[in-house]
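Okay, thanks everyone, let's get going. I'll put the model up and then walk you through some empty space and a pair of helices.

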Amino acid sequence: MYIEGRQKKVKQKFPDYTNCIANLANSILEEFGIKEKKRQSLKILEPYMTKGYENIVVILLDGMGKCIIDKNLDKDGFFHRHLVGEYSSVFPPTTVAATTSLFSGQNPSEHGWLGWDCYYPQVDKNVTVFLNTESGTDKPAADYNVAWTYCGYENISSKIRNHGGNAYEVTPFMEPFPGTFKEICQQIKLLCEKPGKKYIYSYWNEPDSIMHKNGCEGKESKQVLQSLEKHVQLLCEELENTLIIVTADHGHMDSKGVAITDYPDIMECLVRMPSIEPRALNLFVKEEKKKQFEKAFYKEFGDKFLLWTKEQMLEKKIFGTGKEHPIFREMLGDYLALAISDLSIYNTKEEADTFIGVHAGLTEDEMIIPLIIIEKI
């Protein structure tokens, strides 16, 4: 049965895998003399990557989609003045999938890091990827890192170093473990002062964190965005011979949440709880319950979500093109529910009542990210 859903009037946006965050990674690799077969660079970035800058700096601000800077920052401000264009996240537009695409230069179907919670057939569990716990618990998923064991990859910084170049990563999760965005910027400045051509990748978890709690246009979110913009501007004033690329992994939108456990007609059809994301639900359904599931899901969410079969999601290549990861298809359930409205479906009522700002669906606000370029001669 083909189920698309009664589409509500909303700006939908599918990922553009010829113009997305994975292409940014491949532009970086090409700048350092690494050209990988069948990999496309980011066309909009090409004019800036031919000028011989000594430092190539990428500052990724989690969740700062194009719509977020449009709604929260001065149109004459630093970020808007240096905005050269927009491009696409991947599907789902969420941190696990998108940052891994930037780290690896691969699409989600290739690297297998699909979302916050992934099903791994080797352990037959839903695993919270970054925490290595069984989804919804604090229990370790295994006595080894499940995601890295079954979906390990070489990041582009490592590739650059192995090719004889210099590459650094500045994140809260790596030494010297900067605890504020100001410290991130200070570390970037110190690295830029080192001799030689180099790539510097940096990540900060805002404005994503504040928007999850307070929404996309709340007072606190605006203040965080203004602070981020100010710190980037101050950093850029201190740099020379540097190309600074400010971007995001995905956008954000405000959402209403429901818990799937409140829908018994759907719950009794499931083999296990949904995985991936509340706006990109990976659904394993009992064979004898598929008709019931389709009817129940369409009744409750037919105007809020698209519902695709596994065959449809593979045909449409929603997770990207390229050579699929060996376990990619086994990670996928029988159906994929893709959010096209402001509704999100959580596994628990606690989650549904907690999050305001969300991402990982198919709206334009979630999918489109900015490309901000500052050139320091």
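**Pocket, cavity, helix pair**

So, this is a predicted model, keep that in mind. Let's begin with the second largest pocket, which has a volume of about 200 Å³. It has 14 lining residues, and the closest to its centre are Lys38, Arg39, Gln40, Asn107 and Thr321. Who gives the most to that lining? That's helix H1, residues 21-31, with three residues. If you sort the lining of this pocket by class, you get seven polar, five charged and two nonpolar residues.

Now for the closed-off space. How many cavities of 30 Å³ or more does a search of the whole structure find? Just one. The largest cavity holds about 60 Å³ of space. Around this cavity you'll find Ser109, Met313, Leu314, Lys317, Ile318, Phe319, Gly320, Glu324 and Phe328. By class, that lining comes out as five nonpolar, two polar and two charged.

Last bit: helices. Have a look at H8, residues 181-192, and H10, residues 219-237. Their axes come within 10 Å and cross at roughly 20 degrees. Angles under 35 degrees count as roughly parallel, so that's what we call H8 and H10. The crossing of the two is right-handed.

Which residues meet there? From H8 we have Phe181, Lys182, Cys185, Ile188 and Lys189, and on the H10 side they meet Leu228, His231, Val232 and Leu235. Split by class, this contact has six nonpolar residues, two charged and one polar.

That's my tour, over to you.

Notes: Residues are numbered from 1 along each chain as its sequence is written. This is a predicted model: local features need pLDDT of at least 70, side-chain atom pairs count only at pLDDT 80 or more; totals for chains, interfaces and linings use all residues. Side-chain values use heavy atoms; hydrogens and water are left out. On a 1 Å grid over the protein atoms alone, a cavity is a set of points where a 1.4 Å probe fits but cannot get out, and a pocket is an open set with protein on both sides within 12 Å along at least five of seven lines; lining residues have an atom within 4 Å of a point. Grid points are joined across faces, edges and corners, and a volume is the space filled by probe spheres set on the points. Helices (H or I, at least four residues) and strands (E, at least two) are DSSP runs, numbered from the N terminus. Ala, Val, Leu, Ile, Met, Phe, Trp, Tyr, Cys and Pro count as nonpolar, Asp, Glu, Lys and Arg as charged, and the others, Gly among them, as polar. Axes are lines fitted to C-alpha atoms, for helices over the stretch in contact, and angles run from 0 to 180 degrees between N-to-C directions. Angles under 35 degrees count as roughly parallel, over 145 as roughly antiparallel, 65 to 115 as roughly perpendicular and the rest as oblique. A crossing is left-handed if the near helix is turned anticlockwise from the far one by less than a right angle, and right-handed if clockwise. Contact means heavy atoms within 4.5 Å.
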